[in-house]
Amino acid sequence: MIDFNKISDIFCLVDEFCKDFDETTKLFVLGKPSKRPPLMSKSEVISICLLFHLSGFRCFKHFYMFYIQRHMQGEFPKTVSYNRFVELSQSVLMPMTIFLKTCCLGACSGISFVDSTPIRVCNNKRIKRNKVFKGIAEVGKSTMGWFYGFKLHIVINDKGEILNFAITQANVDDREPLKNESFLKAVFGKLFADKGYISEKLTNILFVNDIHLVTSIRNNMKNSLMTMSDKILLRKRSVIETVNDELKNICQIEHSRHRCFANFIANIVAGLIAYS
């Protein structure tokens, strides 16, 4: 399982951030603070959410009830019931997202890769029976076929560090997030992508912002000149596929057991922090 020193490091980082977050936001909080604060602090809730994605467990309920509450009472002495913890995990979504955006993202080196991966919320046979994401999720198509859910768009540097991310519905075009300036705010230099990002208009827009979009060409397109270095780096685009695979199969950002949309977002954000 996870090393004790690793648990301490994660908790200390999160706790320092939560103290700064509370100090900064206390002037903007509406209403009076609760006279009966929750037994578990924000830093404890966030730390447990992150530890799940690093633990190798497939089910969070099993991880919380049979590992945290039984074997980690020394680290988390005031654990609450599972249902109450789910409520607390929804309440820390905002600080957890800000922690990811401010403390966990990497730095651009001039060579970046962009890609999207499907986040399925249920099996295709159960689309009509799904009530949790009714009116929110959409049907989309990827290289692996049709799916129901969302898309996770990520930009990484040549080291595999996440530079930024965006979550969209499944029917949104892969190129749409690139048209948003805030998505590529920290990116410069060359941006490598697959054939799904081919667009002359998008290339011109990014070129104005000092970003050179490099993609391979389709079979029905005319050949174009490309430097040898760009060809070699384009072959290295598989590094982002490895990141997507690790996010799904190790960090558990995709599963079909969500009971509300807030838990779905919290699970993805915690998985991205755990990877970072």
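Trainee: How many residues does the hairpin use to join strand 2 to strand 3?

Mentor: In this predicted model, strand 2 (residues 138-142) and strand 3 run antiparallel and are joined by five bridges. Within this pairing, V139 has Y148 of strand 3 as its bridge partner. The hairpin that joins strand 2 to strand 3 does so through two residues.

Trainee: Which residue takes a positive phi in the hairpin of strand 3 and strand 4?

Mentor: Strand 3 and strand 4 (residues 162-169) run antiparallel, with seven bridges between them. K151 stands opposite T168 in strand 4. The hairpin has four residues between the strands, and the positive phi, near 90°, belongs to G160.

Trainee: Which residue of strand 3 stands opposite F113?

Mentor: Strand 1 (residues 111-120) is joined to strand 3 by nine bridges, and the two run antiparallel. Opposite F113 in strand 3 stands I156.

Trainee: Is strand 3 largely enclosed by the rest of the structure or largely open, and how many of its residues are buried?

Mentor: A residue counts as buried under 20% relative accessible area. Strand 3 covers residues 145-157 and is largely enclosed by the rest of the structure, because the buried residues among its 13 number twelve.

Trainee: Are helix 2 and helix 3 roughly parallel or roughly perpendicular to each other?

Mentor: Helix 2 (residues 42-55) and helix 3 (residues 60-71) pack with their axes 11 Å apart, at an angle of about 105°. Angles of 65 to 115 degrees count as roughly perpendicular. The two helices are therefore roughly perpendicular.

Trainee: How many nonpolar residues does the contact of helix 2 with helix 3 have?

Mentor: Helix 2 contributes I48, L51, F52 and S55, while helix 3 contributes F60, F63, Y64 and I68. By class, one residue is polar, none is charged, and the nonpolar ones number seven.

Trainee: Is helix 5 roughly parallel or roughly perpendicular to helix 9?

Mentor: The axes of helix 5 (residues 93-104) and helix 9 come within 10 Å and cross at roughly 25°. Angles under 35 degrees count as roughly parallel. Helix 5 is therefore, with respect to helix 9, roughly parallel.

Trainee: How do the residues in the contact of helix 4 with helix 9 divide into nonpolar, polar and charged?

Mentor: The axes of helix 4 (residues 82-91) and helix 9 (residues 261-275) come within 9 Å and cross at roughly 70°. V86, S89 and Q90 of helix 4 meet A262, N263 and A266 of helix 9. These residues divide into three nonpolar, three polar and no charged.

Methods: Residues numbered from 1 in each chain as written. Predicted model: local features only at pLDDT ≥ 70, side-chain atom pairs only at ≥ 80, totals over all residues. Heavy atoms only, no water. Axes fitted to C-alpha atoms, helices over the stretch in contact; angles between N-to-C directions. Contact = heavy atoms within 4.5 Å. Nonpolar A, V, L, I, M, F, W, Y, C, P; charged D, E, K, R; others polar. Parallel < 35°, antiparallel > 145°, perpendicular 65-115°, else oblique. Buried < 20%, exposed > 50% of the residue type's maximum accessible area, 1.4 Å probe, protein only. Pairing = 2+ DSSP bridges.
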